[in-house]
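I opened my notebook for a quiet look around this one. Here is what I looked up, entry by entry.

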Amino acid sequence: MQRPRSQDPTLDMLAAALLASEGRKQTEIAATLGLSQAAVSRHLAEAREHYLREQVYFLEDNVPPEVMQRVQQRVSREQLQKGLDLLAQRHEYSRHVTLRVFNTGPSSDDAERIRKLGEHAASHIKRLVLRSRLCGLTWGGMLRSVVTGLRNLHTRAPWRKDEVIECIPLSGEPLGKDPTSFSSSSLAHELGSAVNGDAYDALSIAMVPAFVPERFPRSEINGVWHLIELVESYHRIFGPHQNGRPKPLKAKAEPPLARCLDMILTSVGSADKPLGFGRGILFNTMSVSLEELKTLIVGEIGGVCIPRPTLHNNQARRFDSVRRCWTGLRLEHLITCAERGADPSNEAPGVVVVSGGKKRAGVICELVKLGLINHLVIDDVLAEELERDGAWRTKPDSVG
């Protein structure tokens, strides 16, 4: 697809510098911006005076925030960016969604495409992490690829000299067949060490099951929750609970970390393949089967299932049984973080979704409608599917 050329040489220069800082070759930059390679070379030569170091770092602090937003739009797909913003506005959310699209090229399988997306997006994700004080992570192969990409940047720790960046796990262990390196606690430890140094001691909820087995007798379910409540890290992240229900905070008590996150780094799952890594053997104890769950949700984000708006009463009760058994991140945490990311008075990134592949276009659109995404980092395959889907072209009075 031919990219439209900008009429602003300064914007083109800054956009080329940003892409170069992410390790993109001049031929890739030229293709992304719709410029000749000679023009890209000239722009990079100009950028080295004020915006690039020899190590090819983009000096974002030298660019005013309002200009930086335009630069981000320039390096992405502008029509898709505008469409996502319009989709949000039509559903009573004026929340801006910052879009970045990375070309993963021809891939032999999904695993290869995911690896490439994590590698290409790493520099962009790093800039968002550096704007955070508390960064929460969910789980799965996509996030594993992102964390690996961040570690492979070979940026010497600590990334920020003045303050530790806390990396917080947001989901328990599903006890599935996938590697434990995909777990939220493992990823929080790896990213925390890369950001702060090997001495960093990340919180862990590796002892906490992702789901409390539903088919246990009530006394045994309460026993599982009692064990979870004894895990100090879970208490710090999600606050005090009693038999699975959050307890009111005492006066002057510090709020749980999940309510204070500057950034949630997560991926999403489509309705036809929900939960992904989180669907371990514990999910098999649920009265709701995987096939039934597919009919109840539009998709999920970091294990938080988003119900279809048309559920009848019995279906709503069935969905609620899944929600009650999930021990990790909650919808209210996503909402709070997304609101923080939309607040112009701070630099918090908010909810950062990294995803790829055609099948996730539907759930991405639903999450935009709900105002649950601040930064959307995707591959070209998903971008093209979103452009074909064109949900923002639907007339306002017919949007569900």
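**Entry 1: the sheet.** I began with β8 and β9, which run antiparallel and are joined by four bridges. I should jot down straight away that this is a predicted model. Following the pair residue by residue, I found Ile-301 standing opposite Val-304 of β9. I then checked the turn: the hairpin of β8 and β9 has two residues between the strands, and Gly-302 in it takes a positive phi near 60 degrees.

On the other side of my search was β7, which is tied to β8 (residues 297–301) by three bridges, again with the strands running antiparallel. One pair I noted down is Gly-269 with Glu-300, its bridge partner in β8.

Putting these together, I get an open sheet of three strands in the order β7-β8-β9, with antiparallel pairing. Which strands stand at the edges? They are β7 (268–270) and β9 (304–307); each has a single partner strand, so one side of each is left without a neighbour in the sheet. I also looked up the twist: on average, neighbouring strands here are turned by 25 degrees against each other, direction ignored. A reminder to myself: strands of a sheet pair through backbone hydrogen bonds, either parallel or antiparallel.

**Entry 2: two helices.** Next I turned to α2 (residues 26–33) and α3 (residues 37–50), whose axes lie 9 Å apart and make an angle of about 105 degrees. Angles of 65 to 115 degrees count as roughly perpendicular, and α2 and α3 are therefore roughly perpendicular to each other. I listed who makes the contact: Gln-26, Thr-27, Ile-29 and Ala-30 come from α2, while Gln-37, Val-40, Ser-41 and Leu-44 come from α3. Sorted by class, the contact has four nonpolar and four polar residues, and no charged ones.

**Entry 3: one serine.** I finished with Ser-171, which I located in the loop between β3 (166–169) and α8 (184–196). Is Ser-171 buried or exposed? Its relative accessibility is 0%, so I put Ser-171 down as buried.

What does its side chain touch in the way of polar partners? I found a polar contact between the side chains of Ser-171 and Trp-139, at 2.9 Å. Leaving aside neighbours within four places in sequence, I have Ser-171 in contact with Thr-138, Trp-139, Ser-184, Ile-205, Trp-326 and Gly-328. Trp-139 thus appears in my notes both as a polar partner and in the contact list. That is where I closed the notebook.

Terms used: Residues numbered from 1 in each chain as written. Predicted model: local features only at pLDDT ≥ 70, side-chain atom pairs only at ≥ 80, totals over all residues. Heavy atoms only, no water. Buried < 20%, exposed > 50% of the residue type's maximum accessible area, 1.4 Å probe, protein only. Polar contact = N/O pair within 3.5 Å; in protein donor to acceptor, adjacent residues only side chain to side chain. Contact = heavy atoms within 4.5 Å. Axes fitted to C-alpha atoms, helices over the stretch in contact; angles between N-to-C directions. Parallel < 35°, antiparallel > 145°, perpendicular 65-115°, else oblique. Nonpolar A, V, L, I, M, F, W, Y, C, P; charged D, E, K, R; others polar. Pairing = 2+ DSSP bridges.
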